[in-house]
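Here is a friendly walk through a structure, written for a reader who likes to check each detail on the model. Please keep the viewer open as you read.

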Amino acid sequence: MKRGVSSGGGGLGADRLLSPNDRAHTVAAMSSEAAMSSDARPASNPPPGSRVATPRFGLAALTEPVAVAAAGSVAAAGSMGGPVAAARPAVATEAVVADDFSAPHRRPTAPPGPVWTAQPAEAASPAEPAAAGVPDALVLADATVAYGRTPALERVNGRVPAGRTVALIGPNGAGKSTLIKAVLGLVPVISGSVTVLGQAPARARREVGYVPQADTLDADFPVAVAQVVLMGRYRRIGWIRRPGAVDRAAAAEALAAVGLAHRAADRFGTLSGGQRQRVLLARAIAARPRLLLLDEPFNGVDAVSQDALLAALARLTSAGTAVVISTHDLALAHLACDDVCLLNRHQFAFGPPAATLTPDLLRATYGGAAVELGAHGVIVARP
Amino acid sequence: MTHLLVVPFERPYLTRALVELLLLGGLAAVVGVFVLLRRLAFLTDALTHTVFPGVVVGFLIGGQSGIFPGALVVACVAAGLFTLLAATRRVAEDSALAILLTGFFAIGVVLVSRRSSYTADLTAFLFGRVLTVRTSDIVATAVVAGIVLAILAALRKELLLVAFDPESARAAGYRVAALDLALNLAIALVVVAAVRAVGTVLVIALIVVPAAAARLLSDRIIVITVVAAALGMASGWLGLLVSYQVSVDHGIRLATGATVVLVLVAAYLLALAVSLVRSVRLRRRHTASADEATATVAPPPVAEIGVGPR
């Protein structure tokens, strides 16, 4: 996740996703979709580090510099159009596909961590030292979380070091949101422990950012985009005092980081769903969190906004912020996250995507909703 | 014409009524903006009904001067109770709240009905008697206005966040229930201050209508607040004037509080018409520009249009 933006972009994530034979077709589909989109942001105001001319595919920001070479052929392929043009990229569809990706050469510098599965024998001890001396932003040690008396999520283990990204994956009702709320200290941990930045969850809140799903908020609310982002500073500003120049500057910078500086004066509800999601991310960024939690940030988000979200997240992680994303999107998790936590009421696995997003584990997590695709992948139909 | 607008207020009781209505109109409208943002109209209504028995009991114990303390005690208890209810369940869809508010209201009516001057008292408590407002009532209203506006000014950031995104406010470590309690107490205080002048039933209009009308005219909270306050005060003045002139010139007695409410409702309908005309014009301009331009043209942001007439 760190490498993408600093490489100057230009790359296309698709070449990591697909076999060489498939690449041209799928890329053509993506490019033409980009051309058809009416949501293209004004070219005059691209976010820093974004690629204006390249076809928009959400994962582009996350690829290695090697991928730059592919951009030329991509542009050419994009102009071909053709019968495949109507197809949508796998990441954006309702059903998400986890291919057997070219895992070995993905993210060569990321050390393959241990895979913790549901078997108690393999459950990692929380006392295990953090990799390479990076401090842990979040440690889950056999954590069981409950609303009232019935556990919503049992015995979750895992660790998120600073600057790393973890995807929470599982069907609806699996307990992804519950886990996020437990990390925020809003839902009690009844056994085991959740340690956030070395403290109890409720005590670490000021350094933890939370990004809710944009569509849970009232679109009629009379509040400007800039005002929403400024809300991220309220905790720092404190009671009674007014936002100062520093706060306004931080909010403006955060809004620019998600590529929406030109919409600052507009009412929040006039933005598209994806843009609203970016504004909410900007609000969290403005608070300068050390741990950022995102609840389904890619649901119903167009590709431009997905791209912008991923680019902003990549910049955050490279600055040392740990990120936890709950998502349905297996392909996105595969490319954008260092580790994956498979959940469905309890933990099925925690570890690098290549080791966790396997047909067997996904079938176990999703139960009947998983369908195997030949030898190379699994389709998970959204329940 | 200017003569008509000013002369009545040379009478002292009308001047007192005017000052009281201006204070209440402005105060209730500002609180109303937060009620609108936090979607508390139903809870405010419940609060006004529950305050009623407090008014009656206060009156039975201490006469006219017992009304304010009686209402104050019950209003604060009710505000706390409703905050607790809201924190534990979905109040807007809660029949428990409806049962509670009508139950309280009935207690008040039963208590009043045991008096010989039943009808006159009931009318006074429900609809107020702004023309009999004393200087001490005005002072009480001014003190309440000071307290409430101070609370709202101090907490405006946090109240805005909680109204917009309570979940994130909680995630950031704010005590949402405590902030809700502060707002509910502010609403309760306004209801109490308004009891003598406009009564427990009509005060809801003073709180809810100006903010709702102002919301139709603007997307910016600061503009909404200013317009709502101006609307509340103007309606108090105009309502008082109309009820006075009609009774003097035509011999028709109009209840002042209700006339103020009718003026407010008329203002709301006017604002509604303005916003409808504006959105139609906006859409027409948008389709026209979309026709001539090939690229996607964003609709002009509503926030830039500013405030309409009034």
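Asp219(B) counts as buried because its relative accessibility is 8%, where buried means under 20% relative accessible area, exposed over 50% and partly exposed in between (1.4 Å probe, protein chains only). Its partner is Arg267(A): the two side chains meet in a salt bridge of 3.4 Å, N to O. A salt bridge here is a side-chain nitrogen of Lys or Arg within 4 Å of a carboxyl oxygen of Asp or Glu. Arg267(A) lies in the loop between helix 8 and helix 9 (273-286) of chain A, and Asp219(B) in the loop between helix 9 (176-217) and helix 10 of chain B, so the pair joins two chains. Arg267(A) also counts as buried, because its relative accessibility is 14%.

A word on conventions before going further. This is a predicted model, in which local features need pLDDT of at least 70 and side-chain atom pairs count only at pLDDT 80 or more, while totals for chains, interfaces and linings use all residues. Residues are numbered from 1 along each chain as its sequence is written, chains are lettered from A and ligands numbered from 1 in the order in which they are written, and side-chain values use heavy atoms, with hydrogens and water left out. Helices (H or I, at least four residues) and strands (E, at least two) are DSSP runs, numbered from the N terminus.

**Salt bridges**

Over all chains, the count comes to 20 salt bridges. Three of the pairs are set out here.

| Pair | Closest N to O |
|---|---|
| Arg267(A) and Asp219(B) | 3.4 Å |
| Asp218(A) and Arg39(B) | 2.7 Å |
| Asp180(B) and Arg38(B) | 2.8 Å |

The pair of Asp180(B) and Arg38(B) links distant parts of the chain: Asp180(B) sits in helix 9 and Arg38(B) in helix 2 of chain B, 142 residues apart. Both of these residues are buried. Elsewhere, salt bridges that share partners join Arg164(A), Asp338(A) and Asp339(A) into one network.

What does Asp218(A) form a salt bridge with? The partner is Arg39(B), with the closest N and O atoms 2.7 Å apart. This pair crosses between chains, from the loop between strand 7 (208-211) and helix 6 of chain A to the loop between helix 2 and helix 3 of chain B. Asp218(A) counts as partly exposed, because its relative accessibility is 24%. Arg39(B), in contrast, is exposed, with a relative accessible area of 61%.

**Backbone angles**

Arg39(B) deserves a second look, as its phi is near 55°, a positive value in a residue other than glycine. Asp142(A) likewise has a positive phi of about 55° although it is not a glycine. Asp142(A) lies in strand 3 (residues 136-147) of chain A and counts as partly exposed, at 28% relative accessibility. There is also a glycine to visit: Gly128(B), just after helix 6 of chain B, takes a positive phi of about 75°.

**Chain B and its helix 6**

Chain B has eleven helices and zero strands. Of its 310 residues, 48% count as buried. Contact means heavy atoms within 4.5 Å; among contacts in chain B between residues at least 6 apart in sequence, 77% join residues at least 24 apart.

Within helix 6 (residues 118-127) of chain B, the residues Asp121(B), Leu122(B), Ala124(B), Phe125(B) and Leu126(B) are buried. An α-helix has 3.6 residues a turn, so residues three or four places apart point the same way. Cover for the buried residues of helix 6 includes helix 3, helix 4 (67-88), helix 5 (95-113) and helix 9 of chain B.

**The second largest pocket**

A pocket is found on a 1 Å grid over the protein atoms alone: it is an open set of points where a 1.4 Å probe fits, with protein on both sides within 12 Å along at least five of seven lines, and lining residues have an atom within 4 Å of a point. Grid points are joined across faces, edges and corners, and a volume is the space filled by probe spheres set on the points. By this reckoning, about 920 Å³ of space lies in the second largest pocket. Of its 34 lining residues, the closest to the centre are Gln227(A), Arg156(B), Leu160(B), Ile221(B) and Ile222(B). The largest share of the lining, six residues, comes from helix 7 of chain B.
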